[in-house]
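Colleague: Could you walk me through the inside of this protein, taking your time over its main nonpolar core? I am new to this, so please set the scene from the outside first.

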Amino acid sequence: MHITGIVTCVDYMPYLEDQLDMWKCTLDNLLVITNVRDGNTQDICKKFEVNCLITDKFYENNALFNKGAAINEGFEKLNKESELDWVLFFDADIIPPSNWRMFILKGIVDHRNLYGCKRINSEGKDIYDEDIAGFFHLFNVKSP
């Protein structure tokens, strides 16, 4: 099972920097998407030797912040470079559960499902009272 991670990071570099080692250890490939003006995120990607897509898709058509357009650009870029299997979209300020990959590799995964996880912020605290979707989505690209 090959898992590719895609994360957007615009002005969230301190959070991403704290989590980047953990993500690199549990993903087979990682793409960070940022904008042209976020030099801090670009620098941290160089430091950690992580692929970085620099784009202004976030703001096309006068959008305030179109995260989906940037993710789509990153997804298309990765899909052209290699055949994707499993893809994980995650937020830059989230700590992955330490056993998330082990859980997936145990064979519990059905390629037709969309998987999420418990939300823990960068301070290690569970977040129960927020209705936030999209911080961790794992899916198989071949799923119907």
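Modeller: Let's begin at the surface: the protein chain exposes about 8,200 Å², and carbon and sulfur atoms supply 48% of that area. Keep in mind that this is a predicted model. Going inward, buried residues make up 44% of the 144 residues in the chain. The chain is built from four helices and five strands, and reading along the sequence you meet them in the pattern β-α-β-α-β-α-β-α-β.

Now for the part you asked about. In soluble globular proteins, nonpolar side chains tend to be buried together. Here, the largest nonpolar core has 26 residues, and Leu88, Trp100 and Leu138 are the ones with the most contacts inside it. At least two residues of this core come from each of these elements: strands S1 (3–8), S2 (29–34), S4 (86–91) and S5 (136–140), along with helices H1 (13–26), H2 (39–47) and H4 (100–108). The largest share, four residues, is supplied by H1.

Let's pause at Leu88. Setting aside its neighbours within four places in sequence, Leu88 is in contact with Ile3, Thr4, Gly5, Ile6, Trp23, Leu27, Trp100, Phe136, His137 and Leu138. Try finding each of these partners on the structure in turn. There is also a second, separate core of 13 residues, which includes Ile33, Leu53, Ala70 and Leu78.

Finally, step back to the whole chain: of its contacts with a separation of 6 or more, 67% are between residues 24 or more positions apart.

Terms used
Residues numbered from 1 in each chain as written. Predicted model: local features only at pLDDT ≥ 70, side-chain atom pairs only at ≥ 80, totals over all residues. Heavy atoms only, no water. Buried < 20%, exposed > 50% of the residue type's maximum accessible area, 1.4 Å probe, protein only. Contact = heavy atoms within 4.5 Å. Areas by Shrake-Rupley, 256 points an atom, 1.4 Å probe, with all protein chains shown as cover. Core = buried A, V, L, I, M, F, W, Y, C linked by side-chain atoms within 4.5 Å.
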